[in-house]
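Colleague: I'm new to this one. Could you walk me through its pockets, cavities and surface?

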Amino acid sequence: MTREVWNTRTGFILAAIGSAVGLGNIWRFSYIAYENGGGAFLIPYLIALLTAGIPLLILEFGLGSKFLGSAPIALKRAKKSFEWMGWWGVIASFIITTYYSVIVGWSFVYLVKAFTLGWGSDTGAFFNNELLHVSDSPWNLGNFSYPVLIGLLMTWLIVWVIEKKGVQAGIEKSSRIFMPLLWILLIVLVLRAITLEGSINGIEWYLKPDFSKLTDIKVWQAAYGQAFYSLGLGMAIMITYSSYLPKKSDIVNNAFIISLADGAFSFIMGFAVFGTLGYMAYAKGLGIEEVVAQSIGLVFVVLPEALNMLPGLKTLTAVAFFLCIVIAALSSLISLVEAFASAIMDKFEMKRSKAVDLTICFGLLFSLIYATRAGIYWLDIIDHFINTYGLIIVGILETVAIGWIYGADKIREWANAYSDIRAGIWWDICIKIIIPAVLLYIVYRETRSNLAAPYGGYDPAAIMVGAGIIVLGIIVSFFMSFIKKEIE
């Protein structure tokens, strides 16, 4: 089978940025910065980006472009016994698609509601009771939330249409529309936020440097975790995307461009988020620490309440915000689906149309549990385990397998061949020593925390299900690597 290629370098860069820029850039970075030293957090974050994020991205780009295959095939061509590692990254990505798609579904509901501010005055009650109808435990699935189900079906339909069209006509073309629009919406949101009364107080909280935090190991752990997760590393995406690059493509410079663009989006979005929270705190006569929130609660509860309180342009700002959420999430979801579909195409010499149909069909089927009344519980549990013991372990395996066994110098020489910026020995040190050491430490800290107390206060049986999915995923990864029908 002839492998598809990107039409232009710009198309590849936009698609890769679209993959990297997702919900975490909007609800995760600004809160982590706020909690870990404000402006001072930028120091460990930039160090983490230069010593972990960018080097690992160069490694994944190098693998994909050198071996011209999805993650399992690229790693197998490096060394036959590595194939299962690629499948674990692919399966981890697939697990993420099943709940990420539901969050996109929520976002679609909020985008529709934004035209009338239809979430009402009690945003927490709307999200938990009217939209999700949250049950009392993970075991009480109850019925579907039909608005969420409709949003979920719409999400999968859009992804299906784009994926069926292929790399150039689907992913690249949509990225050329989504990415410029996303940055325009970002600018609109920032400009609106900084013109609000009290916004400067929120921005000051966001950026006020606390250099004493730099001696706290947890801050550095947060910085490296953000650099790793935000770029979508360990998810098989960047290996897949780079496998569509034409010969003689720049690797190192592209990695810097994409990483810095991703970090810039996160940083700038913080002005929109904390500027708006600053106004909210001012209007309610509260301290910023009393209104700030993280993750799902920030996007679907706190900021809708803040949008209700705006002195003007409420609808325009609300629509711009949730359109920004939808586009960022959709572009990331497309890349997750492509990582799985590409692996299936390579392994079974399957045509894109059939591979995409199978991926969407199974993705939709497994995502249905998250559209039930207990969906948010399972989303929280599975996300915790897949991020800690899924993606990070893939990152560790990649650095050990390529850095120590295959040879970091081989990938470095390949990456440097046509790159404007050349990776030096510093890159080998990062891949062989710094990245595996940092990621191992993160796994150690998380494991110790999980053993001390059940995650999120969930009952042990629910926790065992989350852990069991990780174990099952690894078993399936080995099984897939033993199936013989693949491109040699």
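Modeller: Sure, we'll go through it by question and answer, keeping in mind that this is a predicted model.

Colleague: Let's begin with the open spaces. How much space lies in the largest pocket, and which residues lie nearest its centre?

Modeller: The lining of the largest pocket counts 48 residues. Nearest its centre you'll find Arg 28, Ile 32, Tyr 229, Asp 383 and Asn 387. As for the space in there, the volume comes to about 1600 Å³.

Colleague: Which element gives the largest share of that lining?

Modeller: Sorted by class, the lining of the largest pocket has 23 nonpolar, 18 polar and seven charged residues. Nine of the lining residues come from a single element, the largest share, and that element is α17.

Colleague: What about the second largest pocket: which element gives the most to its lining?

Modeller: The second largest pocket holds about 710 Å³ of space. It has 23 lining residues, and Ile 91, Phe 94, Ile 95, Phe 366 and Leu 472 are the closest to its centre. The elements giving two or more residues to this lining are α6 (83–114), α15 (314–348), α16 (352–367), α17 and α19 (460–482). With six residues, the top contributor is α19.

Colleague: And how many charged residues are in the lining of that second largest pocket?

Modeller: Let's split the lining by class. There are 20 nonpolar residues and three polar ones, and the number of charged residues is none.

Colleague: Now for the closed spaces. How many cavities of 30 Å³ or more are there, and which element gives the most to the lining of the largest?

Modeller: The count comes to three cavities of 30 Å³ or more, and the largest has about 110 Å³ of space. Its lining has 13 residues, with Leu 189, Ala 272, Thr 276, Thr 317 and Phe 321 closest to the centre. At least two lining residues each come from α9 (166–194), α13 (252–284), α14 (295–308) and α15. The one that gives the most, with four residues, is α13.

Colleague: How is the lining of the largest cavity divided by class?

Modeller: Here Ala, Val, Leu and Ile are among the residues that count as nonpolar. On that basis the lining of the largest cavity comes out as 10 nonpolar, two polar and one charged.

Colleague: What volume does the second largest cavity have?

Modeller: Its lining is made of Trp 106, Leu 132, Ser 145, Val 148, Tyr 370, Ala 371, Thr 372, Arg 373, Gly 375 and Ile 376. By class, that gives six nonpolar, three polar and one charged. The volume of the second largest cavity is about 50 Å³.

Colleague: Let's move to the outside. Which elements give two or more residues to the nonpolar surface patch?

Modeller: The patch covers about 590 Å² and is made by Val 400, Trp 404, Ile 405, Ile 425, Ile 429 and Ile 433. One of these, Ile 405, lies in helix α17. The elements supplying two or more of the patch residues are α17 (375–416) and α18 (425–452).

Colleague: One last residue: is Leu 233 buried or exposed?

Modeller: Leu 233 sits in the loop between α11 (217–230) and α12 (237–242). Its C-alpha is 8.8 Å from that of Ala 20, though the two are 213 residues apart in sequence. The cut-off for buried is under 20% relative accessible area. Leu 233 has 1%, so the word for it is buried.

Terms used: Residues numbered from 1 in each chain as written. Predicted model: local features only at pLDDT ≥ 70, side-chain atom pairs only at ≥ 80, totals over all residues. Heavy atoms only, no water. Patch = residues over 30% accessible without salt bridge, like charges linked within 9 Å, V, L, I, M, F, W, Y side chains within 5 Å. Areas by Shrake-Rupley, 256 points an atom, 1.4 Å probe, with all protein chains shown as cover. Salt bridge = Lys/Arg side-chain N within 4 Å of Asp/Glu carboxyl O. 1 Å grid on protein atoms, 1.4 Å probe; cavity = no way out; pocket = protein on both sides within 12 Å on 5 of 7 lines; lining within 4 Å. Points joined across faces, edges and corners; volume = space filled by probe spheres on them. Buried < 20%, exposed > 50% of the residue type's maximum accessible area, 1.4 Å probe, protein only.
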